[in-house]
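This report describes the surroundings of a bound ligand and then turns to ionic pairs within the protein.

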Amino acid sequence: MTTNSLALFSLTGRTAVVAGASRGIGAAIAAGLAGAGATVFSCGRSPEPLEPSEGTTYRPCDVTDEARFEAVCREAAGTRRRIDAFVFAAGVTFPSVSGHQSADTFARTISVNLTSAYQTAMIAAKWMHESSSIVFVTSINSTLGFPGNPAYVAAKGGLRQLMKALALDFGSRGIRVNALAPGYIRTSMT
Ligand SMILES: NC(=O)c1ccc[n+]([C@@H]2O[C@H](COP(=O)([O-])OP(=O)(O)OC[C@H]3O[C@@H](n4cnc5c(N)ncnc54)[C@H](OP(=O)(O)O)[C@@H]3O)[C@@H](O)[C@H]2O)c1
């Protein structure tokens, strides 16, 4: 018997949405999902993707804009009215050598990196079903402290706990929620 082992990982017929995918890790994840056969809608604030992901449809969208993100999900879900995977890779960072961050900077970091992850996941889940999957891109800083960036470390730690909370809340619907916690990867952020 011959087995095409790559076929086990085929995403043909599946639909994925990737937030924070105009460049960097999100763009690479979007390209990877498309390469595995998924129909992929990606988004970021930039009018055009700075690092285009082959085979994906890009839509400008700020993750803090719930109405706009809902429109992207509706388009992605299409007539099948389903989203099989949602990846939240959007992130901002405002490091400061002293470790002092203004209240505005702190709030902005939490808003994009944590609150928006919750809001967008809740929106994407409207089109999800048993065996759908949500992935949050957290960071090694979600478990380890790091100097000079308390807002980022707090947001990523919160995002890790949000993953656990939503995994329990969505478990009864058969929706999986996981986190991907990279170490350092060379992108415009680093
Ligand atoms: N690179 C690393 O070493 C590393 C390590 C651990 C974790 N991470 C995490 O991995 C994720 C991706 O990081 P990266 O290194 O690829 O950084 P990046 O190159 O700066 O990419 C960040 C992405 O987030 C998008 N984004 C930022 N604010 C957004 C908003 N309000 N709405 C929609 N999209 C927004 C950006 O697009 P626009 O500017 O077009 O909006 C961009 O596509 C982040 O969550 C980061 O914290 C990175």
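An oxygen atom of the ligand lies 3.4 Å from a polar backbone atom of Gly20. The model is predicted: local features need pLDDT of at least 70, side-chain atom pairs count only at pLDDT 80 or more, and totals for chains, interfaces and linings use all residues. Residues are numbered from 1 along each chain as its sequence is written, and side-chain values use heavy atoms, with hydrogens and water left out.

The table lists polar contacts of ligand oxygen atoms (pairs of N or O atoms within 3.5 Å).

| Residue | Protein atom | Distance |
|---|---|---|
| Gly20 | polar backbone atom | 3.4 Å |
| Gly183 | polar backbone atom | 3.3 Å |
| Ser188 | N or O atom in the side chain | 3.0 Å |

On its own the ligand has 880 Å² of accessible area (Shrake-Rupley method, 1.4 Å probe), of which the protein covers 97%.

The shell around the ligand holds 30 residues, each with a heavy atom within 4 Å of the ligand. Arg45, Ser46, Tyr152, Ile185 and Thr187 are the closest. By class, the shell comprises 14 nonpolar, 12 polar and four charged residues; Gly counts as polar here, and Tyr as nonpolar. Two elements, helix H1 (24–35) and helix H4 (150–171), give two or more residues each to this shell; helices are DSSP runs (H or I) of at least four residues, and strands (E) of at least two.

The count of salt bridges is four, each being a side-chain nitrogen of Lys or Arg within 4 Å of a carboxyl oxygen of Asp or Glu. One of them joins Glu75 and Arg59, with the closest N and O atoms 2.8 Å apart. This pair links distant parts of the chain, 16 residues apart: Glu75 belongs to helix H2 (residues 66–77) and Arg59 to strand E3 (residues 56–60).

Technical notes
Polar contact = N/O pair within 3.5 Å; in protein donor to acceptor, adjacent residues only side chain to side chain.
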